[in-house]
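Grab a pencil and work through a few short exercises on the structure below. Each one starts with a task and then walks you through a solution.

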Amino acid sequence: VRHYEMAEKLVGAYGPTQGLRALDSLHLAGALDLKAEQLIDSIVVADKILARVAALEGLLAIDPEATIPAYMRARLTRQIFVVSARRSPLNGRLSRV
């Protein structure tokens, strides 16, 4: 319940000025709660608005699209596909994770 209440306050504070949306505020509320419990110190988000509001709330937001250069993203995507495409021990067929 407290996440919903915090999300409501976040939307009220940042919705009109920053464009924070309801579901993003709920994600942020959960992340801020985890930060308060010292379980996390940052989040990885590609949403620019969510990243900006997280920073305003004192939570480090890492944008994977800005952090990794474009030429590396393409290479990493191919590598992740190769690693995640493996034989499943359960059915012997190729599976993706």
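**Exercise 1. Get an overview of the chain.**

Task: Find what share of the residues is buried, and how the helices and strands are ordered.

Solution:
- Step 1. Start with burial: 25% of the 97 residues of the protein chain count as buried. Keep in mind that this is a predicted model.
- Step 2. Next, the surface. The protein chain has an accessible surface of about 7100 Å², and carbon and sulfur atoms hold 61% of that.
- Step 3. Now the secondary structure: you should find five helices and four strands. Going along the sequence, they come in the pattern α-α-β-α-β-α-α-β-β.
- Step 4. Finally, the contacts. Among those with a separation of 6 or more, 30% join residues 24 or more positions apart.

**Exercise 2. Check the shape of H1.**

Task: Compare the expected span of H1 with the distance between its end C-alpha atoms.

Solution:
- Step 1. H1 has 17 residues, and at 1.5 Å a residue they should span 24 Å.
- Step 2. The end C-alpha atoms of H1 are 22 Å apart, which agrees with that expectation.
- Step 3. Look for a bend along the way: H1 has a kink of about 35 degrees, centred on valine 11.
- Step 4. Which residues of H1 are buried? They are Ala7, Leu10, Tyr14 and Gly15. H2 and H3 are included in what covers them.
- Step 5. See what comes next: glycine 19 follows H1 and has a positive phi, near 85 degrees.

**Exercise 3. Compare two serines.**

Task: Decide for serine 25 whether it is buried or exposed, and then do the same for serine 42.

Solution:
- Step 1. Place serine 25 first: it sits in helix H2, which covers residues 22-36.
- Step 2. The relative accessible area of serine 25 is 1%. The cut-off for buried is under 20%, so serine 25 is buried.
- Step 3. Check the surroundings of serine 25. Neighbours within four places in sequence aside, it is in contact with Ala7, Leu10, Val11 and Leu20. Its side chain also reaches the backbone oxygen of alanine 7, at 3.4 Å.
- Step 4. Move on to serine 42, which belongs to strand E1 (residues 42-44). With a relative accessible area of 24%, serine 42 is partly exposed.
- Step 5. Leave out the neighbours within four places again, and serine 42 is in contact with Leu59, Leu60 and Ile62. Its C-alpha atom is separated by 5.6 Å from that of alanine 61, 19 residues apart along the chain.
- Step 6. One more partner: the side chains of serine 42 and aspartate 41 make a polar contact at 3.4 Å.

**Exercise 4. Trace the salt bridges.**

Task: Work out which residues are linked in a network of salt bridges, and how many salt bridges there are.

Solution:
- Step 1. The count comes to four salt bridges.
- Step 2. Begin at arginine 21, whose side chain meets that of aspartate 24 in a salt bridge (2.8 Å, N to O). Arginine 21 is partly exposed at 40% relative accessible area, whereas aspartate 24 counts as buried at 12%.
- Step 3. Arginine 21 also forms a salt bridge with aspartate 47, with the closest N and O atoms 2.5 Å apart. Aspartate 47 is in the loop between E1 and H3 and arginine 21 in the loop between H1 and H2, so this pair ties together parts 26 residues apart in sequence.
- Step 4. Put those together: Arg21, Asp24 and Asp47 are linked in a network.
- Step 5. Another salt bridge joins the side chains of lysine 48 and aspartate 63 (2.5 Å, N to O). This pair links distant parts of the chain, with lysine 48 in helix H3 and aspartate 63 in the loop between strand E2 and helix H4, 15 residues apart. Aspartate 63 counts as buried, at 12% relative accessibility.

**Exercise 5. Look around H3.**

Task: Find which residue caps the N-terminal end of H3, and what the buried residues of H3 pack against.

Solution:
- Step 1. The cap is aspartate 47: one of its side-chain oxygens lies 3.1 Å from the backbone nitrogen of isoleucine 49. Aspartate 47 is partly exposed, with a relative accessible area of 24%.
- Step 2. The buried residues of H3 are Ile49, Leu50, Ala51, Val53 and Ala54. They pack against H1, H2, E1 and E2.
- Step 3. Just after H3 you meet glycine 58, with a positive phi of about 90 degrees.

How values were computed
Residues numbered from 1 in each chain as written. Predicted model: local features only at pLDDT ≥ 70, side-chain atom pairs only at ≥ 80, totals over all residues. Heavy atoms only, no water. Helix = DSSP H or I, 4+ residues; strand = E, 2+ residues; numbered from the N terminus. Buried < 20%, exposed > 50% of the residue type's maximum accessible area, 1.4 Å probe, protein only. Polar contact = N/O pair within 3.5 Å; in protein donor to acceptor, adjacent residues only side chain to side chain. Contact = heavy atoms within 4.5 Å. Expected span 1.5 Å × (residues − 1). Bend = angle between axes of the 7 residues up to and from the residue. Areas by Shrake-Rupley, 256 points an atom, 1.4 Å probe, with all protein chains shown as cover.
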